[in-house]
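Thank you for coming, everyone. I would like to walk slowly through one protein today, so please look at the screen while I talk.

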Amino acid sequence: EILQKWNCSKKMIWLSVAIIGLFCLVLNAMTPYIADDYAYMVSFYDQQWVRTIWDVAKSMYRHCFTMNGRVIPHTLEQIFLLLPKTVFNIANAAVITSLLYGMYRVAKGKGERNVALFLGIAMAFWRYLPAFGQVMLWQVGALNYVWALGAMLIFLWPFLNWFTGCESVSWNLRKKSLFSVGAFLFGMYTEIASFIGIFVAVMLLLMGWLMDCREWKRNGRWLWIPIAFACVGYMCLLKMPAELAAKQGSFSIGEILENIATVTQMMETYQFHLLLVWVCLIIIAVTLHADRKRLLLSLTFLAGGLGANYMLIVASYIPERCFYVSTMLFVMA
């Protein structure tokens, strides 16, 4: 009874959030500038030190032609490099903690508070995320990866609330407009997280429409607008001059088959236990006649995670850190 009381305690939830946040802050403080962080201290425009916001703007313009299309995270990188490292340490710890708490809110649904669930999500990330430091702590890596996960969860939030019925999305025009602009920026953020975020949002809308067409017409129809804005943003990302040249592989049949084998092997190495746990839990949930929407939501997260991994089969190389999206979605599933 005491353990159950602690597990449902609001104070224990916020204490756990604070401990996780402090732990992340310590890890960030222990992580120095590494590799590409030094490269982004110099302008891609004229190879001089970046000292002002105008230097950042000129550098990112040239970056689009020489590196890749991820303008937003690399702009943030050069801005943070103008500031003391402590500023990024605090901001990144806040983003990581907020991401874990957001995942917890989605996972618990309308149920009671559950400290064990929140800590379990945090520990699953710690244990199963390949290249944890590159994704979560390395400054340029964190801005490209874990910040993309945060943006993805924010983008998906109204779709999740609408699909599960946890919260109304009958927003006013101003809020809808701001969210649509944010959706455009999310679409431009990064290749994998943006695409899979759009994919999951579309899946949720289609399933909601099939399950309750009347509710979709009343509250869900407008959500196609931010999806359209996100798609436009994603196309802007892909149309950056250096983007396809930087990320695209040869597309030969042999190379694609080799990449399929590589991705499958990496999934077996890093994510086998997560998928095994999911299979066991989905069998139990079906046996116990769990809520249909929660089961469909879990399947959608699983499909999104698999899609995020197998998107990599057309890449020129497959680093471990690219499994960041699938790890989040598999944990949530």
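Let me begin with a term that I will need straight away: a nonpolar core is a set of buried Ala, Val, Leu, Ile, Met, Phe, Trp, Tyr and Cys residues that are joined through side-chain atoms within 4.5 Å. Please also keep in mind that what you see here is a predicted model.

With that term in hand, we can look at the largest nonpolar core of this protein, which has 89 residues, and in which Tyr-324 and Val-325 are the residues with the most contacts inside the core. The element that gives the most to this core is helix H10, residues 146-164, with 13 residues. In soluble globular proteins, nonpolar side chains tend to be buried together. Which residues does Val-325 touch, if we do not count residues up to four places away in sequence? They are Leu-149, Met-152, Ile-192, Ala-193, Ile-196 and Ala-308. Apart from the largest core there lies another one, made of twelve residues, and among them are Tyr-40, Phe-44, Met-60 and Cys-64.

Let me step back to the whole chain for a moment. The protein has 19 helices and zero strands. Its radius of gyration is 20 Å, close to the 20 Å that the globule rule gives for 333 residues, so the protein is as compact as a globular protein of that length. Taken along the principal axes, the C-alpha atoms fill a box of roughly 60 × 50 × 45 Å, and buried residues make up 48% of the 333 residues. If we take the contacts with a separation of 6 or more, then 78% of them are accounted for by residues 24 or more positions apart.

Now I would like to turn to a single helix, H17, which covers residues 272-287. This helix has 16 residues, and from its first C-alpha to its last it reaches 23 Å, close to the 22 Å expected at 1.5 Å a residue. Within H17, the residues Leu-274, Trp-278, Ile-282 and Ala-285 are buried. Why can we say that these residues are on the same side of H17? They cover an arc of only 70 degrees around the axis, and therefore they lie on the same side of the helix. As for their partners, the buried residues of H17 pack against helix H7 (115-128), helix H18 (292-310) and helix H19 (324-332). After H17 comes His-289, whose phi is positive, near 55 degrees.

Since H7 is one of those partners, let us look at that helix as well. H7 has 14 residues and reaches 20 Å from its first C-alpha to its last, close to the 20 Å expected at 1.5 Å a residue. Its buried residues are Val-115, Phe-118, Ile-121, Ala-122, Ala-124, Phe-125 and Tyr-128. At the start of H7, a side-chain oxygen of Asn-114 reaches to within 3.2 Å of the backbone nitrogen of Ala-116. In the loop between H7 and helix H8 (132-136) we find Ala-131, which has a positive phi of about 55 degrees although it is not a glycine. Is Ala-131 buried or exposed? With a relative accessible area of 18%, Ala-131 is buried, because the cut-off for buried is under 20%.

Gln-47 makes a useful companion to that case, and it sits in the loop between helix H3 (36-39) and H4. The phi of Gln-47 is near 60 degrees, again a positive value in a residue other than glycine, but at 56% relative accessibility Gln-47 counts as exposed.

Two polar side chains deserve a look before I finish. Thr-164 lies in helix H10, and this residue is buried, with a relative accessible area of 17%. The side chain of Thr-164 reaches the backbone oxygen of Leu-160 at 2.7 Å, and, not counting residues up to four places away in sequence, Thr-164 touches Lys-110, Lys-293, Arg-294 and Leu-297. Asn-68, in turn, has its place in the loop between helix H4 (53-66) and helix H5 (71-81). Asn-68 is buried, with a relative accessible area of 8%, and its side chain reaches the backbone nitrogen of Arg-70 at 3.0 Å.

My last stop is Val-202, in helix H12, residues 191-211. With a relative accessible area of 23%, Val-202 is partly exposed, and, again leaving out residues up to four places away in sequence, Val-202 touches Trp-224 and Ile-227.

Technical notes:
Residues numbered from 1 in each chain as written. Predicted model: local features only at pLDDT ≥ 70, side-chain atom pairs only at ≥ 80, totals over all residues. Heavy atoms only, no water. Buried < 20%, exposed > 50% of the residue type's maximum accessible area, 1.4 Å probe, protein only. Helix = DSSP H or I, 4+ residues; strand = E, 2+ residues; numbered from the N terminus. Contact = heavy atoms within 4.5 Å. Polar contact = N/O pair within 3.5 Å; in protein donor to acceptor, adjacent residues only side chain to side chain. Expected span 1.5 Å × (residues − 1). Arc of directions from axis to C-beta. Rg over C-alpha atoms; globule rule 2.2 N^0.38 Å.
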